[in-house]
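Here's a quick back-and-forth about how some helices sit together. Have a look at the model before reading on.

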Amino acid sequence: MARVWRLADEAGEGGDDPDLTRAAHRAIADVTKAIEGFAFNKAVAKIYELANAVGKSKAGGEARRAVLRIMAQLMGPMVPHLAEDVWAMAGGQGLLVDAPWPKADPAMLEDDTVVLPIQINGKRRAEISVARDMPKDQIEAMVLADETVRRFLEGAAPKKLIVVPGRIVNVVA
């Protein structure tokens, strides 16, 4: 918990970090679910993941303090005294115990990208990261441009290329 104290004590220089905000909303959803299911070890693990995200983030100023306030609220049921101190250091108004439980924004829980595995002749050989709503033809172009796929095709055109959006890409050589 000394790490959480150090994170709250550091001011941090920088601007907004959308990835940190997304991590905070995921942590809210995960910790809420874990606490409601009496899985306190899982809740603590998710709080540590959020602490790691704060440590790696270049966010500063109000963006960082907002995430630290959320982390303090999530820590409150397990370590109330430390949570109150972090709440105060991050600029929380009043007592933490009086603050409402944070709510996760459902839009922040969805990823904008998806990793698609590429199977060549039935065996997973590669993967690509694409936008969630990318059209099939663009995915096909990315797959055919992939170095691993080109090596397995050996310059020939594939017999069949099957794209299941958001799931998998199958290449039959």
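Helices (H or I, at least four residues) and strands (E, at least two) are DSSP runs, numbered from the N terminus. This is a predicted model, where local features need pLDDT of at least 70, side-chain atom pairs count only at pLDDT 80 or more, and totals for chains, interfaces and linings use all residues. Residues are numbered from 1 along each chain as its sequence is written, and side-chain values use heavy atoms, with hydrogens and water left out.

Q: Which residue follows H5 with a positive phi?
A: Look just past helix H5, which covers residues 80–89. The phi there is positive, near 90°, and the residue is Gly-91.

Q: Which residues of H5 are buried (under 20% relative accessible area, 1.4 Å probe, protein chains only; exposed is over 50%, partly exposed in between)?
A: Seen down the axis of H5, the buried residues fall within an arc of 140° (taken from the directions from the axis to the C-beta atoms), so they line one face of the helix. The face turned away from that side carries the exposed His-81 and Ala-88. The buried ones are Leu-82, Ala-83, Val-86 and Trp-87.

Q: Which helices do the buried residues of H5 pack against?
A: Contact here means heavy atoms within 4.5 Å. By that cut-off, the partners are H1 (2–9) and H4 (61–75).

Q: At what angle do H2 and H4 pack?
A: Axes are lines fitted to C-alpha atoms, for helices over the stretch in contact, and angles run from 0 to 180 degrees between N-to-C directions. The axes of H2 (residues 18–36) and H4 lie 10 Å apart, and the angle is about 15°.
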